[in-house]
Amino acid sequence: MLKSLNPLSKLAVCCAWLVASVVIFDPRFQLAAILVPALVLITFNRTSPLVILTLMVPFALFGFGFLTTSLLFRQESDFALRMAGEGLLASPAFSAGITLFLRALACGMISVFFALTTDPGLFVRSLMQHAGLPPRIGYSLFAAMQLVPDLAGEAQQMRLARSMKSGRHVRRIPSPFELISLVIPLLAFAIRCAGRTAIAMEARGLSPDAPRTIMNAPGFHRRDGVFLVLASTALGLCSIATVTGL
């Protein structure tokens, strides 16, 4: 259901929630910004909660850095406050730290919501059709989306060839020295693929001034309007409840 929506509708909603998460410095609103997208993903997109938790691990580590920085280096979190009998959970440093921690999770959850429900190809086509994205940039993004998987496959083939030559097993996780040694060959592979792509585009008449037709570009439907109204209502209710302290 969510994947049938226009990507620009989801982009507008996600941007509004991201701006609100940055502007409203309140842990209750940050919790709402985490729970609402998660519940929508689980309910309407059939996303496993385990997948969501796994994807949130990098954002949790990032937010944990904010929390520890706020606790260790904020002036209000000095030893005197705790010695004065103020609880750690009620200290300004912990309150600010936990809000920053939840803000990192909220921004991550909103980003995950957009990524899990949006097809990258449809997103680029929608930008070209409705947002005026220049075709030169759009087709470059298409080429990049096709090149990245080929780049990973080429790197794996290089590792296999080197292991066969040296008679050693391929490590599951390459060492830093192995990664550095792959940079130059992969760069040469990327340049070669980019040159072939440019020649193919030119052979098909791709030029900045020529008229073109964008196929399979998603349009706007009534469900997009319903989604925008519901998401805006939820955002407004959460903001009002946070500001008024309900």
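Start at the largest pocket of this predicted model by selecting helix α7, which gives the most to the lining, with eight residues. Now add α8 to the selection: α7 and α8 each supply at least two lining residues here. To find the middle of the pocket, pick Tyr139, Ala143, Thr197, Ala200 and Met201, the residues that lie nearest its centre among the 19 that line it. The space inside comes to about 560 Å³. If you colour the lining by residue type, you should count 11 nonpolar, four polar and four charged residues.

**Along helix α7**

Keep α7 on screen and show residues 135–166 on their own. This helix has 32 residues and reaches 46 Å from its first C-alpha to its last, close to the 46 Å expected at 1.5 Å a residue. Which residues of α7 are buried? Select Gly138, Phe142, Ala155, Met158, Arg159 and Ser163 to see them. Next, bring in α6 (120–130) and α8 (176–203), since the buried residues of α7 pack against these two helices. Then step just past the end of α7 to Gly167, where phi is positive, near 80°.

**The second largest pocket**

Move on to Leu2, Val40, Phe227, Leu230 and Ala231, which lie nearest the centre of the second largest pocket. This pocket holds about 400 Å³ of space and is lined by 18 residues. Which helices should you display around it? Choose α1 (7–23), α2 (27–44), α5 (92–117) and α9 (222–244), each of which supplies at least two residues of the lining. Of these, α9 gives the most, with six residues. Colour this lining by type as well: 17 residues are nonpolar, none is polar and one is charged.

**A last stop at the cysteines**

How many disulfides does the model contain? The count comes to zero. Select Cys14 and draw a distance to the nearest cysteine sulfur, that of Cys15: the gap is 7.1 Å, and Cys14 is in no disulfide. A disulfide needs its two sulfur atoms within 2.5 Å, so the Cys14 and Cys15 pair, at 7.1 Å, does not qualify.

Is Cys14 buried or exposed? Cys14 counts as buried because its relative accessibility is 6%, and the cut-off for buried is under 20%. Finish by selecting Cys193, which is also buried because its relative accessibility is 15%.

Conventions. Residues are numbered from 1 along each chain as its sequence is written. This is a predicted model: local features need pLDDT of at least 70, side-chain atom pairs count only at pLDDT 80 or more; totals for chains, interfaces and linings use all residues. Side-chain values use heavy atoms; hydrogens and water are left out. Helices (H or I, at least four residues) and strands (E, at least two) are DSSP runs, numbered from the N terminus. The expected span of a helix is 1.5 Å times one less than its number of residues. Buried means under 20% relative accessible area, exposed over 50%, partly exposed in between (1.4 Å probe, protein chains only). Contact means heavy atoms within 4.5 Å. On a 1 Å grid over the protein atoms alone, a cavity is a set of points where a 1.4 Å probe fits but cannot get out, and a pocket is an open set with protein on both sides within 12 Å along at least five of seven lines; lining residues have an atom within 4 Å of a point. Grid points are joined across faces, edges and corners, and a volume is the space filled by probe spheres set on the points. Ala, Val, Leu, Ile, Met, Phe, Trp, Tyr, Cys and Pro count as nonpolar, Asp, Glu, Lys and Arg as charged, and the others, Gly among them, as polar.
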